[in-house]
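The following note sets out points for consideration when the structure is examined. It concerns a metal site and a sheet.

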Amino acid sequence: MNRPHVLLSAAQSLDGYLDDASGTRLLLSNEDDFAEVDRLRAEADAILVGAGTVRADNPRLLVRSPELRQARIAAGRPEQPMKVTVTGSGKLDPESRFFTVGDAPKLVYTAPGTAADGWGTAATVVDSAPPRLEHILDDLGKRGVQKLLVEGGSAVHTALLDAGLADELRLAIAPIVVGDPRAPRFLGTGAFPRPLALTEARRLGDVVVLHYRAAAEPSSLDVLRLRQAIELAGQCPPSSTFRVGAVIGLPDGTVLATGHSGEGDPRNHAEEAALAKLEPGDPRLAAATMYSSLEPCSARASHPKSCTQLILETAIPRVVMAWREPSLFVEAEGVEQLLAAGRQVIEVPALGADVRRANTHLPGVRP
Ligand SMILES: NC(=O)c1ccc[n+]([C@@H]2O[C@H](COP(=O)([O-])OP(=O)(O)OC[C@H]3O[C@@H](n4cnc5c(N)ncnc54)[C@H](OP(=O)(O)O)[C@@H]3O)[C@@H](O)[C@H]2O)c1
Ligand SMILES: [Zn+2]
């Protein structure tokens with residue numbers, strides 16, 4: 001199954017609305033924000049919006065910048081991404097800009113018997129009403145869509161997050177208060193099973209841009225190995241700093257190396273001690289996970305390189321940890337740096353109390 005990477009993009013008011021309740025669209029971004037979203041469009045193979053957004057906003061869904069369009073062509077890609085929408089009712093005006101503007105392929109996922117003649121060749125009829133988003137993503141994957149940008153609206157964002165199908169979220173927050181419960185909220189009711197991890201918070205003029213990634217769930221092997229790392233912390237010599245254990249393991253259960261803080265040299269950190277037992281270029285590291293009882297450090301007095309840096313110098317693609325480093329000695333940014341470098345980070349806070357219990361010698365740490 002080759003589903004595309006799904007990036008949700010939305011602009012909301014301070015009080016969480018996507019629009020007001022009037023018939024005209026409420027502007028919730030500024031020029032800089034539009035330019036960034038244009039870049040996201042240019043990176044995407046397809047842009048999806050719900051039928052509600054086609055009806056309410058009549059969007060063009062085109063890359064605006066001539067330079068970005070040119071760059072797509074130069075890279076051997078179509079000038080514009082594919083346009084995709086989804087409807088259960090089939091109530092889509094063939095005169096909407098979705099259909100009439102641009103030469104990009106247009107796909108409408110709709111229930112049997114609802115496709116309108118005026119859509120031309122656009123409709124892909126799916127076998128259920130409402131159309132299942134999993135099926136749509138599978139079908140888009142088969143059509144070669146690797147990156148899907150979803151630009152709303154409320155029902156589609158909610159459904160994708162609720163089904164655990166979104167990989168990333170970019171949210172722009174405008175300094176506007178709508179204050180009208182008739183207006184559409186960014187997200188409606190749902191179970192939202194997958195937590196999100198904040199990867200970026202940035203100011204863009206008067207708009208704040210937040211970037212999140214869907215946090216992955218630990219497997220039972222992950223939990224087993226992380227418990228092993230927590231136990232290893234028991235071997236640390238008495239010290240005034242964090243007592244940490246680390247395990248480097250493969251998905252088939254092989255343990256490549258282990259370490260604990262203070263191993264070899266009192267200043268050594270657990271991840272560093274484990275990594276020192278392997279060649280940095282060991283090809284097995286490309287499939288390995290670093291398990292650490294504590295978030296890998298991002299700055300330290302005892303060594304020119306932080307454990308986060310040492311991990312980033314290897315091909316280790318994922319890090320599983322139990323406890324985020326509290327800012328006792330330095331401001332901890334290990335998770336942020338790993339995520340920013342495209343590594344996967346999985347937190348298992350349920351095991352955090354065990355790590356804190358091993359560190360109650362530190363000021364302010366309680367199990
Ligand atoms: N600020 C922003 O970033 C932004 C972006 C986009 C939109 N908006 C606003 O959002 C509002 C529209 O949001 P919305 O919630 O009404 O519409 P929406 O999410 O764009 O579309 C919802 C429609 O999609 C169709 N659909 C089919 N299968 C579905 C499924 N499995 N899950 C969810 N939807 C499915 C249904 O169409 P049928 O009814 O045809 O069956 C449903 O009514 C507008 O006010 C627009 O201005 C804001
Ligand atoms: Zn460290």
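1. A residue is called buried when its relative accessible area is under 20%, exposed when it is over 50%, and partly exposed in between. The model discussed here is predicted. By that cut-off Cys307 is buried, because its relative accessible area is 1%. His269, at 22% relative accessibility, counts as partly exposed.

2. Both residues belong to the site of the zinc ion (ligand 2), whose protein donors are His269 through ND1, Cys297 through SG and Cys307 through SG. These donors lie 2.0 to 2.3 Å from the zinc ion. Along the sequence, the donor residues follow the spacing H-x27-C-x9-C. The pair His269 and Cys307 links distant parts of the chain, the two residues being 38 residues apart. His269 sits in the loop between strand E11 (255–260) and helix H8 (270–275), whereas Cys307 is in helix H9 (residues 307–312).

3. Strand E11 also takes part in an open sheet of five strands, ordered E11-E10-E12-E13-E14, with mixed pairing. E11 and strand E14 (344–347) stand at its edges; each has a single partner strand, so one side of each lacks a neighbour in the sheet. On average, neighbouring strands of this sheet are turned by 15° against each other, direction ignored.

4. At the E14 edge, which strand is joined to E14 by four bridges? It is strand E13 (residues 318–323), and the two run parallel. Within this pairing, Met321 has Glu347 in E14 as its bridge partner. In general, strands of a sheet pair through backbone hydrogen bonds, either parallel or antiparallel.

Definitions and conventions:
Residues numbered from 1 in each chain as written. Chains lettered and ligands numbered in written order. Predicted model: local features only at pLDDT ≥ 70, side-chain atom pairs only at ≥ 80, totals over all residues. Heavy atoms only, no water. Donors = N, O, S within 2.8 Å, 3.2 Å for Na, K, Ca; no water. Buried < 20%, exposed > 50% of the residue type's maximum accessible area, 1.4 Å probe, protein only. Pairing = 2+ DSSP bridges. Axes fitted to C-alpha atoms, helices over the stretch in contact; angles between N-to-C directions.
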